[in-house]
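User: Please take a close look at the side-chain contacts in this model. Start with the aromatic rings, then go through the charged pairs and the backbone around them.

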Amino acid sequence: MRDKIKKKLNELRENSLFRVMPEISEGAGKYISVEINKGFGKTEVRKYINMASNNYLGLSEIQEIKRASADAVLELGTTSGASRIVTGNYNLYDELERVTAEFKQTEASLVFNSGYAANVAVFSALADRNTAVFSDKLNHASIIDGILLSGAKHIRYRHNDIDDLAALLEKHKDEKDKIIATDTIFSMDGDVCRLRAIVELAEAYGAMTIVDEAHASGIFGRGRGYAHEAGLEKRVDIHMGTFSKAFGSFGAYVAADRDIIDYLRNKGRSFIYSTSLPPAVVAANLAALKYVKNHHDIGYRLLDAADDIRRQLQVMGFDTGDSVTQIIPVILGTNERVLMAKEFLMEKGIYVGAIRPPTVPVNTARLRMTVRLDVLDETERILDAFRTLKAAGI
Ligand SMILES: *Cc1c(COP(=O)(O)O)cnc(C)c1O
C-alpha cells in the first residue's frame, strides 16, 4: 500500500501535476497577501489585486454581514453541536431556509454544509440503478461524485451540445427515471448553459432538471440565479446554489417543491450524517442573502464591468473563449505560457489563477480571472498589465 502511494506521488511530480497550496497568507480580500521569506528571519509581505477568488461581490468584507456573524457567535456559541435532525437546529437556520425559499420562489429549501455536500446528497438520494442521469461533460466534480455514489447510469453529453443531449435522450428514452443536470455557469470557462433548450428537452422526455447555480447565485436574476434570469425558474425542478461564492460565506442550499425537500431531509446522507453549520456561518449566509435582496443591482454592476474588461482583452487579441460572465478565461494554450503569464502579471501586482490539464482540456491551459466588484477601481491597472503582457509576446 505505501509503495503504491509513493509511486502515485512520484507520477504526479513527474507530470507536473503535484498540487501544493499557494503560499498565500490572506486570500479572500480585495488584495491577496503573500509573505515572502527574505532569509535571516526577515519576511516581506507583498500584496496583489485578487482576481482569482470566487468572492465576486466582496460581501465577506461588508460590515453588517460581519457584524451579524459575530453577534451570532456571541449569542449562540461556536458550534451547532450535532446534525440538524438531532439537536443541531436553531431559529436562524429555519429563518435562512424560509428566506432562501422565498428568494428562490420555491415552496421550500434545505441548507447543506457545502456545495459539494449538497450535490452528493441530491444525486445519491434521488437517483439509483434505475435512473439515467444526463450530465454536461463540464459539470462540477461534486455532481459527478453524487452520480457515481448513486449507482445511476451516468450519461455525459458534450459541453453545451444540445444535439448530443437530444440524441442521448432519444437513445435512452425507455429508461424509467431520467434526470438532466447542468451547471448554469461553468467555472473554468465562464460560459452559461443553454437552459431553455435543456428544459424543453426535459419536458419532452419526462426528465427532471437539476441546476447548479454555484457561480450564478447572488449575481444573475437579481441575485436569484440564472434560471430566474432566463425566466425559466418554474420549469426547473431543483435549484442548487452555494453561499460560498458570491455570498461570501459558506454552505449551500437546495430549493424545490416541498416533497423534494422533505425527501432530501430524509434521504440526503451528507445532510443527515454530518454536524450542521455553526451559527457564525448561518448568520452570515442570512445577512448576505438579505444584503443581496436589498442591493439587487450589484450582480448586474459586476456583469457590466466584466463585459467591459472582457471586450478590452479581446481588442488586445486575447482569447476569452465563450465567457459571458464574471469568470473570464484567458486561453493561452501551453502550460509553460500560462505559468509565464501568471508570473508576469504577479510582477505587475495582479493575482490570477493558472488552470492546466486535467482541470481543462490539453492545449487550453489558461489564466482564470474573476472580476470582483471591489477591485473595479483598479481596472486600468489590470488592463495595463495585460497590455504589457501582450507586448511581451506572451
Ligand atoms: C464551487 C462549486 C461547488 C462546490 O461548492 P462548495 O460550497 O465550494 O463546496 C459545486 N458546484 C459548482 C458548480 C461549484 O462551482
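Analyst: The answer below goes from rings to charges, then to the surface and the backbone.

This is a predicted model, in which local features need pLDDT of at least 70 and side-chain atom pairs count only at pLDDT 80 or more, while totals for chains, interfaces and linings use all residues. Numbering runs from 1 along each chain as its sequence is written, and side-chain values use heavy atoms, with hydrogens and water left out.

Rings come first. The structure holds seven aromatic pairs (Phe, Tyr or Trp rings, the six-membered one for Trp, with centres within 6.5 Å; planes under 30 degrees apart are stacked, over 60 edge-to-face, the rest tilted). One of them joins Phe 220 and Tyr 226. The pair is edge-to-face, at 5.5 Å centre to centre and 80° between the planes. Phe 220 is buried, at 8% relative accessible area (buried is under 20%, exposed over 50%, partly exposed in between, with a 1.4 Å probe and protein chains only). Tyr 226 is buried too, at 15%. Phe 243 and Phe 247 make a tilted pair: 5.7 Å between centres, 55° between planes. Both of these Phe residues are buried. Tyr 253 joins Phe 243 and Phe 247 in one aromatic cluster.

Two rings carry a charge above them. The charged end of Arg 84 sits over the ring of Tyr 93, 3.8 Å from its centre (NZ of Lys or CZ of Arg must be within 6 Å of the ring centre and within 35 degrees of the ring normal). Lys 390 places its charged end over the ring of Phe 318, 4.6 Å from the centre.

Now the charged pairs. The whole structure has 21 salt bridges (a Lys or Arg side-chain nitrogen within 4 Å of an Asp or Glu carboxyl oxygen). Lys 153 bridges to Glu 175, with the closest N and O atoms 3.2 Å apart. Lys 153 is in strand E5 (residues 153-157), and Glu 175 is in the loop between helix H6 (162-171) and strand E6 (177-183), so the bridge ties together parts 22 residues apart in sequence (helices, H or I of at least four residues, and strands, E of at least two, are DSSP runs numbered from the N terminus). Lys 153 is partly exposed at 35%, whereas Glu 175 is buried at 19%.

Arg 158 meets Asp 161 in another salt bridge, 3.2 Å from N to O. Arg 158 is partly exposed, at 47%. Glu 378 pairs with Arg 381, with 3.3 Å between the closest N and O atoms. Here Glu 378 is buried at 13%, and Arg 381 is partly exposed at 38%. Lys 38, Glu 44 and Arg 46 form one network through salt bridges that share partners.

Next, the surface. A nonpolar patch of about 640 Å² is made by Met 1, Ile 5, Leu 9, Leu 12, Leu 17, Phe 18 and Val 20. Patch residues have over 30% relative accessible area and no salt bridge; like charges are joined within 9 Å, and nonpolar side chains (Val, Leu, Ile, Met, Phe, Trp, Tyr) within 5 Å. Areas are Shrake-Rupley values with a 1.4 Å probe, and for residues, only the protein chains shown count as cover. Phe 18 lies in the loop between helix H1 (2-14) and strand E1 (31-39). It is partly exposed, at 35%. Phe 386, by contrast, is buried at 0%. Phe 386 belongs to helix H14 (residues 379-391).

The backbone has its own points to check. Most residues other than glycine have a negative phi, and most peptide bonds are trans. The Pro 357 to Pro 358 bond is cis, with omega near 10°. Pro 358 lies in the loop between strand E12 (353-355) and strand E13 (365-370). Asn 363 is in the loop between E12 and E13. Its phi is positive, near 70°, and Asn 363 is exposed at 57%. Gln 105 also has a positive phi, about 60°. Gln 105 sits in the loop between helix H3 (91-104) and strand E3 (108-112), and is partly exposed at 40%.

Last, the annotation. An unreviewed UniProt entry lists residues 47-372 as "domain: Aminotransferase class I/classII large" (positions follow the numbering used here, feature names are shortened, and annotations may be inferred rather than shown by experiment). In the model, that span is 42% helix and 18% strand, with its end C-alpha atoms 16 Å apart.
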